[in-house]
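Here is a short round of questions and answers on one protein chain. Keep the sequence and the model open while you read.

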Amino acid sequence: MDVKQLIAKCTAFWHGLPGRRRHLLVVGLVVVLVAGGFFVQWLLNPRLAPLFTDLPEQDAAAVVTRLRELGVPYRLGGEGTTVLVPRNRVYELRLDMAAAGALQSGEGFELFDRQRLGMTDFERNLGYQRALQEELRRTIVSLEEVEDARVHLVIPTPSVFLQEQNPPSAGVMLQLRPMAKLQPPQVQGIMELVAASVAGLEKEQIRIIDIYGNVLSAGLDDGDTLVGGLQQRQLELKRRYELDLENRLGTMLTRILGPGQAVAMVTVDMDFTEQEITAMDYGEGSVVSEHVQREEGTSGAGATGPAGTTPNTEPPIYQVYQPASGTYNRSEEIHNYQVDYTQTSTRMLPGRVTRLSTAVAVNGPVNPELAAQVQEVVSAAVGYQPERGDQITVHSMAFETGWLDGWEDQPQPSPWYMFWQDEPLWAAVGAGVLLLLLLLAIRRRRQAAAPLAVPIEPLALSDDLGGSEFPGERSKREQVREIIRQRPQDASVLVKAWIMEN
C-alpha cells in the first residue's frame with residue numbers, strides 16, 4: 001500500500017464520519033498528544049531529591065557552583081533555598097560538598113583551624129567572638145521549634161580600671177517554624193544557655209526577639225522568672241476559659257439565629273489568690289469533773305488551853321467575838337467544764353470566677369420577645385449569677401457586610417491549580433488516558449473486523465423491480481451504481497458508517 005492510497009483511505013474515513021465524531025476524534029488526539037508529551041517528559045527527566053534545604057543565599061550559591069564544576073544536573077526550589085539533584089547521587093554529593101567546604105556561611109571554632117602568623121589580639125578576640133556566636137546559633141537551632149537564629153554578642157575589652165568595666169550583653173533573634181510557639185520556660189532556657197556560655201554575662205543583659213519584632217524575653221529578665229511564668233499561665237487560663245464560653249455561645253446562637261447572625265464576646269474576672277479560712281464555733285460546754293465538799297460543826301464558849309495561860313487571860317484584840325455556843329456550815333463545790341467547739345477549714349483554690357460579663361450582638365432588628373429569649377438562654381449557658389455582679393447585654397444592630405463584596409468578586413484559584421503543579425501526577429494521568437484510548441481503539445478495531453449480521457437483500461441494487469419504481473428512480477440507481485464502480489472504497493466506508501449508526 002503506497003502513501004497515496006493511505007492518504008485516500010484516511011480522507012475517505014474522515015469524510016465518512018459525522019460532525020460529532022469528528023470533534024470527538026480531534027479532542028481525543030489532542031489529549032493523547034498532551035498526555036504523551038507529559039509522559040515522555042517525565043521519563044526523560046531524572047528523579048530528583050533534595051540535596052540541601054533552607055540554605056542561606058551564600059551557601060546555595062557555593063553549592064550550585066560546585067555542582068556546575070562537577071557537571072551534575074540540578075534544579076532550585078523553595079525560592080532558591082533548596083537544591084535538588086538526582087536521587088541516586090544525593091549522599092555522594094553531600095560528602096563531596098562537605099569535603100569541598102561549600103557550606104561555610106557559619107563557622108564556629110573551625111575558624112581557629114586556619115591560624116595564620118601575625119594575628120593581632122584584636123583579630124584573635126574578634127575571631128573568638130564570631131566562633132562563639134556561631135556555636136550558640138547551632139545549639140539554639142537544634143531546638144525543635146526554632147528554624148533559624150542569629151546571635152549577637154557584645155564582649156567589652158577588659159580594662160585595668162575596675163570603675164570602667166562594662167558588662168557584656170547579648171541579643172538573639174529567632175525564626176520559629178510555622179505554627180510553632182516558644183513557652184516562657186523555653187525562652188528562659190535559651191537565656192540560661194547564653195548566660196552560661198559567655199563569661200560575666202547576666203540574664204538581665206540578654207534580649208530575645210522573633211523575626212516580627214516581638215520581645216520574647218519580656219518579663220523574664222528581672223530575676224523573678226517564676227512570677228513571670230505564673231502570670232503568663234494565668235493569662236492563658238483566663239483566655240482559654242473565655243474562648244470556651246464564646247465557642248459554646250457561638251454554636252448555640254448559630255443553631256438558633258443562623259450562621260453569621262450573632263456575635264458573642266465574654267470577659268471573665270478570675271481570682272488566682274490561694275486562701276485558707278479556718279472558723280471555730282463554740283458551744284455551751286459539758287462537765288468533765290466536779291468536786292463537792294460540805295462541812296458542819298458546833299462551837300462553845302469555854303476556855304481552851306491550860307489554866308493561867310495567855311489565851312485564857314488575855315484574848316488577842318484581833319480575835320472575832322463569837323457567841324458562847326452555836327453551829328456552822330461550810331460548803332465547797334468545784335466543777336471542771338470542757339468547752340465544745342467546731343473547727344471548719346475552707347481552702348479557696350486559685351482560678352475562681354469572680355465576675356462574668358457577656359455581650360451579644362444580633363444582626364438586624366430584633367423584637368423585644370426574641371431579645372429576652374436570647375438573653376435567657378445565654379444566661380443559662382454561661383452560668384449567670386447576679387449575686388457576684390455578672391452582667392449580660394443583648395443588643396440588635398445591623399452588621400456591616402460591605403467588606404465581603406470585594407472578596408466575593410475576586411477570582412478564586414481553580415481547584416485544578418495544585419493538580420497541574422505536580423509533575424508525577426501529570427505523568428500518571430497521561431499514562432492512564434493513553435492506556436484508556438488504546439483500549440478503546442483495540443475494541444473499535446475488533447468490532448469493525450467482526451462479521452455483521454446485516455441482511456443483504458434490502459441493500460442489493462436490482463433492475464428487476466417491476467412496476468413499483470417511480471419516475472426518475474431508475475436514473476438515481478444508475479448514478480449510485482456508477483459511483484460504486486468508480487469509488488468502491490468510499491462506498492464501503494459509507495455503508496459501514498450507516499451500519500454503525502444503526
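Q: Among contacts in the protein chain with a separation of 6 or more, what share joins residues 24 or more positions apart?
A: The model is predicted. Its protein chain has 13 helices and 13 strands. Of the contacts with a separation of 6 or more, the share from residues 24 or more positions apart is 68%.

Q: What percentage of the residues of the protein chain count as buried?
A: A residue is buried when its relative accessible area is under 20%. The protein chain has 502 residues. The part of them that counts as buried is 19%.

Q: Which helix gives the largest share of the largest nonpolar core?
A: The largest nonpolar core has 21 residues. Ile140, Leu153, Leu174, Val194, Ile206 and Ile208 have the most contacts inside it. Helices H5 and H6 and strands E4, E5 and E6 each supply at least two residues of this core. The largest share is five residues, and the helix that gives it is H6.

Q: How many residues does the other core have, the one with Ala264 and Val266?
A: This core lies apart from the largest one. Among its residues are Ala264, Val266, Val268 and Val378. Its residue count is 15.

Q: Which elements do the buried residues of H5 pack against?
A: Helix H5 runs over 121–141. Its buried residues include Leu132, Leu136 and Ile140, and Gln129, Gln133 and Glu134 are also buried. The elements they pack against are E4, E5 and H6.

Q: What distance separates the end C-alpha atoms of H5?
A: H5 has 21 residues. At 1.5 Å a residue, the helix should therefore span 30 Å. The model agrees: its end C-alpha atoms are apart by 30 Å.

Q: Which helix supplies the largest share of the nonpolar patch on the surface?
A: The patch is formed by Phe13, Trp14, Leu25, Val26, Leu29, Val30 and Val34. Together they have about 590 Å² of accessible area. Helix H1 (3–16) and helix H2 (19–44) each give two or more residues. The largest share, five residues, comes from H2.

Q: Is Phenylalanine 13 buried, partly exposed or exposed?
A: Phenylalanine 13 lies in helix H1. Its relative accessible area is 43%. Buried means under 20% and exposed means over 50%, so Phenylalanine 13 is partly exposed.

Key: Residues numbered from 1 in each chain as written. Predicted model: local features only at pLDDT ≥ 70, side-chain atom pairs only at ≥ 80, totals over all residues. Heavy atoms only, no water. Core = buried A, V, L, I, M, F, W, Y, C linked by side-chain atoms within 4.5 Å. Buried < 20%, exposed > 50% of the residue type's maximum accessible area, 1.4 Å probe, protein only. Helix = DSSP H or I, 4+ residues; strand = E, 2+ residues; numbered from the N terminus. Expected span 1.5 Å × (residues − 1). Contact = heavy atoms within 4.5 Å. Patch = residues over 30% accessible without salt bridge, like charges linked within 9 Å, V, L, I, M, F, W, Y side chains within 5 Å. Areas by Shrake-Rupley, 256 points an atom, 1.4 Å probe, with all protein chains shown as cover. Salt bridge = Lys/Arg side-chain N within 4 Å of Asp/Glu carboxyl O.
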